Amino acid sequence: YGFLWFGTKNGLNRFDGTEFEVFRADSTENSLTSSDVTTLVEQTEGIFWIGTHSGLNRYDSHDNTFTRFYHRADNERSLSNNCIKHLLSDSKQRIWVGTISGLDLYNPETKDFTPVTGEGSIFWLMQNRQGEICFLVNNTLCIMDPETYRTEKFRFDGEQKMFFLYEDS
């Protein structure tokens, strides 16, 4: 539709070229879990996933509705943590959720999550040309087969923390 979307500490902002519409957390169920947006990804046309410091949100722009997802201590199929660091919609439109406690995969049929790894805070997610899921955790580059979850790990020594990945041409 040509909108520009911005995640800020004050909500999800949609810019149409003239005006901003701002979506914030409020006391209703049809709003963000938190106005402090940390990450954003479009899964399919008009379906957005929004990570915050206080939960995950699915926004359907066709009917202007939000669905909220939270970590529940009594449910191992909930998010591993409410603090969402990064999101990825892969080539099969699967939603991968990087939290401060690990990596989760969304299951659209059951509307819950499969915990993939609980190794620590996931700082970045991307899919490489081979279809593998790459992510950073604890100064380690992880390259994972998305079907088997088999993961190769490459540890980087030093004081510098890694935050981003990019596969060049």
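Strands here are DSSP runs of E with at least two residues, and helices are runs of H or I with at least four, both numbered from the N terminus. Strand β1 covers residues 4-8 and contains leucine 4.

This is a predicted model, in which local features need pLDDT of at least 70, side-chain atom pairs count only at pLDDT 80 or more, and totals for chains, interfaces and linings use all residues. Residues are numbered from 1 along each chain as its sequence is written, and side-chain values use heavy atoms, with hydrogens and water left out.

**A nonpolar patch**

Leu4, Phe6 and Phe20 make a nonpolar surface patch of about 300 Å². Patches consist of residues with over 30% relative accessible area and no salt bridge; nonpolar side chains (Val, Leu, Ile, Met, Phe, Trp, Tyr) are joined within 5 Å, like charges within 9 Å. Areas come from the Shrake-Rupley method with a 1.4 Å probe, and for residues only the protein chains shown count as cover. Leucine 4 has a relative accessible area of 48%, so it is partly exposed. The cut-offs are under 20% for buried, over 50% for exposed, and in between for partly exposed (1.4 Å probe, protein chains only).

**Salt bridges**

A salt bridge puts a side-chain nitrogen of Lys or Arg within 4 Å of a carboxyl oxygen of Asp or Glu. The count by this rule is eight. Among them are these three pairs.

| Pair | N to O distance |
|---|---|
| Arginine 77 – aspartate 112 | 3.5 Å |
| Lysine 92 – glutamate 147 | 3.2 Å |
| Arginine 129 – glutamate 167 | 3.2 Å |

Take the bridge between arginine 77 and aspartate 112. Arginine 77 sits in the loop between β7 (65-69) and β8 (84-89), and aspartate 112 belongs to strand β11 (residues 112-117), so this bridge ties together parts 35 residues apart in sequence. Arginine 77 is partly exposed at 29% relative accessibility. Aspartate 112 is buried at 16%.

Next comes the bridge between glutamate 147 and lysine 92. It links distant parts of the chain, 55 residues apart: glutamate 147 is in the loop between β14 (140-144) and β15 (151-155), lysine 92 in the loop between β8 and β9 (95-99). Glutamate 147 is partly exposed at 49%, while lysine 92 is exposed at 54%. Both belong to a network of salt bridges that links Asp90, Lys92, Arg94 and Glu147.

Last is the bridge between arginine 129 and glutamate 167. Here the distant parts are 38 residues apart, with arginine 129 in the loop between β12 (122-127) and β13 (133-137) and glutamate 167 in the segment after β15. Arginine 129 is exposed at 53%. Glutamate 167 is partly exposed at 29%.
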